[in-house]
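Got your viewer open and your selection syntax warmed up? Load the model below and follow along, one selection at a time.

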Protein chains: 2
Amino acid sequence: MAKIHTRKNSTQKEVIAKSAALLFKVKGFKASSMRELAEAVGVEAPSLYNHISSKSELLQFICFKVADKFTTHLSMVENSSGIVISKIESFIRFHICMMLENFDEVFVANHEWKHLQEPFLHDFLSQRHNYEKRLVALVEKGINKKELKKQNAYVIVLTILSSVRGLEFWERHKKNINRQILEDTMVDHLLNGILK
Amino acid sequence: MAKIHTRKNSTQKEVIAKSAALLFKVKGFKASSMRELAEAVGVEAPSLYNHISSKSELLQFICFKVADKFTTHLSMVENSSGIVISKIESFIRFHICMMLENFDEVFVANHEWKHLQEPFLHDFLSQRHNYEKRLVALVEKGINKKELKKQNAYVIVLTILSSVRGLEFWERHKKNINRQILEDTMVDHLLNGILK
DNA sequence: CCTACCGATCGGTAGG
DNA sequence: CCTACCGATCGGTAGG
């Protein structure tokens, strides 16, 4: 009985968070009101507070769920066998996949994190910084092993991360182009630029 | 006398817009209050309305100033002589330059345009769409002339635009790396990925 | 889950 | 350029 109660609560929280991600993406965190969110969910605004403690907590929930997924995948890639270049390809394809399949949440994590409250803001930025550092280390490993051209590893990581993030602008054109062509063209462009 | 009055007004409006760009960048448009802006400028909030008509007008002013600069430069590139690849290089370097020298305004135009009111929102998006279309045409011309690999031109434009926009994340690290290295590494990475 | 409601803050105006 | 102020809206609470 207690178990069911808990499960039902967390499910409803996830329903709210899903609506919140869409709303925050479209209007931005600050411009989204709890009354709008309540309407999207189908309840009155005060009822939301039976499932969440604040508007801010919703943003935390969304941002850290996204951050965890990226971190988890990177750990997997790091621990896998294979050459560096195929690890980089795997990480690029995962980013593209996340952009296409969890668009609202990834968008919110990318654009609205600045509205996180401390200590969550610091934690989030620290996680992101650590993520970038691990990617730089991966690229440097590829350079040392002569798999990649000798270039500034940080700039390369910046370029790759930015490019895949740019799929935000993709949404409008989703129907006009095949996903596989998108993914392969992008991977090819990004890898050919750094391959030896 | 009338001339001086006009000039003084427009100057003060530009001072306000400059402070607004910084504020909107740091806190976002919706989270920035006119009282904060007034404090940054050094007056009381109602005094701002002697120089601007609304908070929204400030956002328009910033966004369209940026859009105009990009459009103007692209026209120049299109009308210049030379091979396509050097036109693309010129456009990449101009974007990098804008990111580094008009960071606040470009950031706001990139992130806060969604808060523009109609009909300005429609106008802005239409300008941006037109800009992208002209870039796609340029890349396609390069492909037809066999200067570039045969690939989907839109994905290439998307990748390049996103990469240079990614310099937003650069600011934090400005002091740690030489600007010329940044620019050259990025141009090299992006061009080598599409060169034949 | 709801109705009723509160204190804070917002963009902007009146009037000088 | 200022002081004084307004109506609207916000996130969130009380109480049932």
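A salt bridge here is a side-chain nitrogen of Lys or Arg within 4 Å of a carboxyl oxygen of Asp or Glu. Before you click anything: this is a predicted model, where local features need pLDDT of at least 70 and side-chain atom pairs count only at pLDDT 80 or more, while totals for chains, interfaces and linings use all residues. Residues are numbered from 1 along each chain as its sequence is written, chains are lettered from A and ligands numbered from 1 in the order in which they are written, and side-chain values use heavy atoms, with hydrogens and water left out.

**Stop 1: where chain B meets chain A**

Colour the two chains separately. Between chain B and chain A the count is two salt bridges. For one, select D188(A) and K149(B): their closest N and O atoms are 3.1 Å apart. For another, pick D188(B) and K149(A), where the closest N and O atoms are also 3.1 Å apart.

Now widen the selection. 44 residues of chain B are in contact (heavy atoms within 4.5 Å) with 44 residues of chain A. Show K114(B), F169(B) and H189(B) as sticks: they supply 18% of the area that chain B buries against chain A, more than any other three residues. The area buried between the chains is about 3400 Å², with carbon and sulfur atoms giving 61% of that; buried area is the accessible area (1.4 Å probe) that two parts lose on being put together, summed over both.

**Stop 2: one pair inside chain A**

Over all chains, a search of the whole structure finds 26 salt bridges. Try K145(A) with E147(A), whose closest N and O atoms are 3.9 Å apart. Is each of these residues buried, exposed or partly exposed? K145(A) counts as partly exposed because its relative accessibility is 45%, and E147(A) counts as buried because its value is 17%. The cut-offs are under 20% relative accessible area for buried, over 50% for exposed, and partly exposed in between (1.4 Å probe, protein chains only).

**Stop 3: the nonpolar core**

A nonpolar core is a set of buried Ala, Val, Leu, Ile, Met, Phe, Trp, Tyr and Cys residues joined through side-chain atoms within 4.5 Å. Which residues touch the most other members of the largest one? Select I88(A), I92(A), I88(B) and I92(B), out of 134 residues in that core. Zoom in on I92(A): among residues over four places away in sequence, I92(A) touches I160(A), V164(A), V187(A), L190(A) and L191(A).

**Stop 4: DNA strand C**

Pick the 15 residues around DNA strand C (a heavy atom within 4 Å); E44(A), S47(A), N50(A), R35(B) and K55(B) come nearest. Then hunt for polar contacts, pairs of N or O atoms within 3.5 Å. A side-chain N or O atom of R35(B) sits 2.7 Å from a base nitrogen of the strand. Phosphate oxygens of DNA strand C lie 2.4 Å from a polar side-chain atom of S47(A) and 2.8 Å from a side-chain N or O atom of Y49(B).

**Stop 5: DNA strand D**

Here too, 15 residues surround the strand, and the closest are R35(A), Y49(A), K55(A), S47(B) and N50(B). Sugar and phosphate account for 55% of the atoms of DNA strand D that come within 4 Å of the protein. Turn on backbone atoms for K55(A): an N or O there lies 2.8 Å from a phosphate oxygen of the strand. For S32(A), the backbone-to-phosphate distance is 3.1 Å. Finish with Q12(B), which puts a polar side-chain atom 3.3 Å from a phosphate oxygen of DNA strand D.

Notes:
A polar contact is a pair of N or O atoms within 3.5 Å; within protein, one must be able to donate a hydrogen and the other to accept it, and residues adjacent in sequence count only if both atoms are side-chain atoms.
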